[in-house]
2 protein chains.
Amino acid sequence: MNKNHHVVIMAGGIGSRFWPMSRSNRPKQFLDVLGTGKTLIQQTYERFLEIIPAENIWVVTNTQYTDLVREQLPNLTESNILPEPVGRNTAPCVAYAAFRIHQVNPKARMVVAASDHLIMNPDRFRKDILLALTATKTEDIIMTLGIQPSRPDTGYGYIQYLDSPETSGSGYHKVKTFTEKPTREIALSFIQSGDFLWNSGIFIFSVKTILKAFEKFMPELHELFVGIRKQLNTPEEAPAIKSVYDRCKNISIDNGIMELAENVFVIPGHFGWSDLGTWVSLYQEYQKDYLGNAVYGKGMIYNSSNNIIRVEKKDKLVLVEGLEKYIIVDTDNVLLICKMDSEQRIKEFVGDAKKEAGENFV
Amino acid sequence: MNKNHHVVIMAGGIGSRFWPMSRSNRPKQFLDVLGTGKTLIQQTYERFLEIIPAENIWVVTNTQYTDLVREQLPNLTESNILPEPVGRNTAPCVAYAAFRIHQVNPKARMVVAASDHLIMNPDRFRKDILLALTATKTEDIIMTLGIQPSRPDTGYGYIQYLDSPETSGSGYHKVKTFTEKPTREIALSFIQSGDFLWNSGIFIFSVKTILKAFEKFMPELHELFVGIRKQLNTPEEAPAIKSVYDRCKNISIDNGIMELAENVFVIPGHFGWSDLGTWVSLYQEYQKDYLGNAVYGKGMIYNSSNNIIRVEKKDKLVLVEGLEKYIIVDTDNVLLICKMDSEQRIKEFVGDAKKEAGENFV
C-alpha cells in the first residue's frame, strides 16, 4: 500500500432526515442501517482499509461523537480522530484534515468521503479510488467520483462533464459544471442529456492541490488555518480549532471550491452507490416483498404496498393494514408514521419534536 | 340496601377486538381503557357497590383471570369469584351464578352485567337498575336495559318493544323481538321505526324466574347444573363445574333464553352507554382535537384527521402525518396500524398474529 495515500472520513453529520432512527446522540453513521451487523462508519472504514494504510485513515467528527468513533473503530489511531467543536459543513472539515495531513506528509494524496454512504461493489469503488489517487500524484487536479444517474432525483447535486480528447481513455473526464439540487424538470433534462452524473461528494486530491485551492478560493479560511498551524497536533490543537471554527463560515467544499476550480475531473463510477440520505433512498436499497413493502423487523402486512417499515426492537410485531407509500419507523421512544411523499418534511418534524417534546426525542 | 339484590359481573371475555391493547393475559376489563385511573372492572364494581350489598357482588371469570380479579377488587368476597374453566358464552355463565345465588338466597333478584362497559351517568343507570329490581320482585319477568340508538350500528343487537297500555307509565315496555347484529339497511330501518333499542346485554330477574327459564328453554344445561347442585360451594365445586362446562354448549343468554321467552321487558336507558366493543366505539368516547383525532399519549399530528391513536408508554412520542381514519395502537411488543373501516378484521389479525408470531403477541 502506498504510504502517501490517506483517507478522511467525514462523520460529523446528525442525519436528521433519518429521524427517528438517526438520533442526535447516535446519528446514522453510527447505526447498522442495513442490518449487515456493522455500522455505516465501520463499513466505510473497512472499505478503505484494504487500500489505505491504517495509520493514514482519519476521521473528522463532532466532539460529541468522538467516543462513538473510538468505540466503533477501536483500531483507529487516537490522534487520527479530528474533533470539530461545531459543524461548519464540509469546507472547514476538509481544510482541517488537509492541514493536519500536510504536516505529517506534504506529499500525501487524500480521499475525502462520507462515513454513511452505501457502496454495493467495494472492489470497483476501490479501483476508481486508486485510479484517482494515481492521477492526482503528478497532476495538480481535483478528482471526484460521479454516479450514473438512474432517476431524476432532486435530492442530489449533478456534475456535467466534457468529452474532450485529452482525457480519452483515461477513465475520467473534465468537469464543466456543478449544479446543486435541481428542480424535477431540470433533473429530467440532465438525465436526458447524458453528460450529467450525480455528485457523490467523494473527492480525491493531493494535499498540496487542495491547500492551493483553499488559498485561492477561500483565502479567509486558509489564513485561519495557517494561523494555527503550530498548534496542530499539540495539546493546544483543540482550543486553536475552536477559535477557527468560531470564526469560519458554514460552507460546503462544493460551494467553496469545486464550483469555482478549473482543474476538476470526474470518474463515472459504477459501484452501486447511495448516500442513504433519506428514508426513500434507504427504501430503494432494502429487500421488498412482491407488493413493494420493505419490512425491517417482524411485520404482518395486509392490503398495503410500497411501504418502508422499520422497527428497532427485534421482538416487536408490527401489523399494518391499508397503507400505501408510508414510512413507518418505531424506536424506543418515538414512532413516526408519514407519507413517503412527505419525507422532505422530516427535518421540520425533528425541529418541532425538539421544541414541543424535548431533546430526548431528537 | 336490599339484601335480596345481587349483581353478577361477567368478566371472562378476552376482548380480542381491542387488540393489541387488550391481551389474552390481561383483557380489556382489567385495563384503564379510558384513562380514569381505574380499570373497567373496578369502575363496574364501584358503580354497583352503591346499591348492592358488597357480599352480594359476584364475578364470573375465566380461571386464568381470578388473580387479576383478586388484585383489582381486593374487597370482593373470595367465594364470590366464580371461575369458569373455559369460556362457553353467557348462558352457562348466568346459569352458574344463578344456581350459586339461589343456594344462598332463593328470594334473590340478580342483575347480570358486563365488566367492561362504559356508563357515563351512573346515577341514572342505578335508578333504572333499581326500577328493574323492584319490578322483578313480584312479577315473573325478565327485565333488560335497552339503549336509545344514536346511529345505525351494525355491531349491536336490537330490541323491538311494544307500546301497550299495560306498561304505560311504568318506565318499561314489553319486548317484541330480539335481533342480532343487523345489516346496515336493516339497522337504518330499525332506527327510523323508532321502537328499537340497542341491546345492552344487561339483564335483571329473580333467580327463580331465570332458573325456570333455563328449565324451560335450555333443559340440558339446567339438568347439568341440577346434577352438581350439591357440589356447589364445596371443595368439589371446581371439578364439578369443569364437568358441566366440558359438556355444555357454547351459547349466549340472548339466543338461549331472551329470544324465546315471552315475559321479557325493556327499560329504555338514558345513562350514556357504550360497550366499548371496538376501537371505533372507544374513539367515540375519547376527547378529540378539532380535526377529529383522538390521541391518547404524546402525539404530534400533521395533515391527519379522524384517527384514534393510543400509545401505552407515556414517555413515547408519536408523530403522524397524512393519515385519515386509522387506528394506531402502540404497545410494548405490538404496533397496530389499520383503517377504522377494517376494525372488524382485528379478530382475524389476532388469529393470524397468534399463528405467525406466537402466543406472546396476542
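**Exercise 1. A pairing across the chains**

In which sense, parallel or antiparallel, do strand E17 (residues 334-339) of chain A and E15(B) pair, and over how many bridges?

Solution. The model under study is a predicted one.

- Step 1. Strands of a sheet pair through backbone hydrogen bonds, either parallel or antiparallel.
- Step 2. E17(A) and E15(B) pair in the parallel sense, and four bridges connect them.
- Step 3. For a residue-level check, locate Leu336(A): Leu319(B) in E15(B) stands opposite Leu336(A).

**Exercise 2. The sheet that contains this pairing**

Determine the strand order, the edges and the twist of the open sheet in which E17(A) adjoins E15(B).

Solution.

- Step 1. The order is E12(A)-E14(A)-E16(A)-E17(A)-E15(B)-E13(B), an open sheet of six strands with mixed pairing.
- Step 2. Its edge strands are E12 (294-296) of chain A and E13 of chain B, each of which pairs on one side only.
- Step 3. From one strand to the next, the twist averages 5°.
- Step 4. Within chain A, strand E14 (residues 308-311) and strand E16 (residues 326-330) pair in the parallel sense over four bridges. Here Arg310(A) stands opposite Val329(A) in E16(A).
- Step 5. Helix H11 (residues 346-356) of chain A lies across E16 and E17 of chain A together with E13 and E15 of chain B. The helix runs at about 145° to E13(B).

**Exercise 3. The second sheet with strands of both chains**

Describe the open sheet whose order begins with E13(A) and E15(A).

Solution.

- Step 1. Six strands are arranged as E13(A)-E15(A)-E17(B)-E16(B)-E14(B)-E12(B), and the pairing is mixed.
- Step 2. The edges, each pairing on one side only, are strand E13 (298-302) of chain A and strand E12 (294-296) of chain B.
- Step 3. The twist averages 5° from one strand to the next.
- Step 4. An antiparallel pair in this sheet is formed by strands E16 (residues 326-330) and E17 (residues 334-339) of chain B, joined by five bridges. Asp330(B) has Leu335(B) in E17(B) as its bridge partner.
- Step 5. Helix H11 (residues 346-356) of chain B lies across E13 and E15 (317-321) of chain A, together with E16 and E17 of chain B. The angle between this helix and E13(A) is about 145°.

**Exercise 4. The interface of chain B and chain A**

Characterise the interface by its contacts, its buried area and the composition of the chain B side.

Solution.

- Step 1. Count the residues: 35 of chain B are in contact with 35 of chain A.
- Step 2. The size of an interface is often given as the accessible area lost when the parts come together. Between chain B and chain A about 2900 Å² is buried, with carbon and sulfur atoms giving 59%.
- Step 3. The rule finds six salt bridges across the interface. A salt bridge joins the side chains of Arg345(B) and Glu321(A), at 4.0 Å from N to O.
- Step 4. Polar contacts across the interface involve 24 residue pairs, with both residues at pLDDT 80 or more.
- Step 5. On the side of chain B that touches chain A, E13 (298-302), E15 (317-321), E16, E17 and H11 each supply at least two residues. The largest share, six residues, comes from E17(B).
- Step 6. By class, this side has 19 nonpolar, four polar and twelve charged residues.

**Exercise 5. Backbone exceptions**

Identify the cis peptide bonds before Pro20(A) and Pro20(B), and examine phi at Lys325(A).

Solution.

- Step 1. Most residues other than glycine have a negative phi, and most peptide bonds are trans.
- Step 2. In chain A, a cis peptide bond joins Trp19(A) and Pro20(A), with omega of about 5°. Pro20(A) lies in the loop between strand E1 (5-10) and helix H1 (40-49) of chain A.
- Step 3. In chain B, Trp19(B) and Pro20(B) are likewise joined by a cis peptide bond, and omega is about 5°. The loop between strand E1 (5-10) and helix H1 (40-49) of chain B holds Pro20(B).
- Step 4. Lys325(A), although not a glycine, has a positive phi of about 60°. Lys325(A) is found in the loop between E15 and E16 of chain A.

**Exercise 6. The partners of E8(B)**

State how strand E8 (residues 173-179) of chain B is joined to E7(B) and to E10(B).

Solution.

- Step 1. Strand E7 (residues 158-162) of chain B runs antiparallel to E8(B), with five bridges between them. Tyr158(B) stands opposite Thr179(B) in E8(B).
- Step 2. Strand E10 (residues 264-269) of chain B is joined to E8(B) by two bridges, also antiparallel. Lys174(B) has Phe265(B) in E10(B) as its bridge partner.

Key: Residues are numbered from 1 along each chain as its sequence is written. Chains are lettered from A and ligands numbered from 1 in the order in which they are written. This is a predicted model: local features need pLDDT of at least 70, side-chain atom pairs count only at pLDDT 80 or more; totals for chains, interfaces and linings use all residues. Side-chain values use heavy atoms; hydrogens and water are left out. Two strands pair if DSSP finds at least two bridges between them. Axes are lines fitted to C-alpha atoms, for helices over the stretch in contact, and angles run from 0 to 180 degrees between N-to-C directions. Contact means heavy atoms within 4.5 Å. Buried area is the accessible area (1.4 Å probe) that two parts lose on being put together, summed over both. A polar contact is a pair of N or O atoms within 3.5 Å; within protein, one must be able to donate a hydrogen and the other to accept it, and residues adjacent in sequence count only if both atoms are side-chain atoms. Ala, Val, Leu, Ile, Met, Phe, Trp, Tyr, Cys and Pro count as nonpolar, Asp, Glu, Lys and Arg as charged, and the others, Gly among them, as polar.
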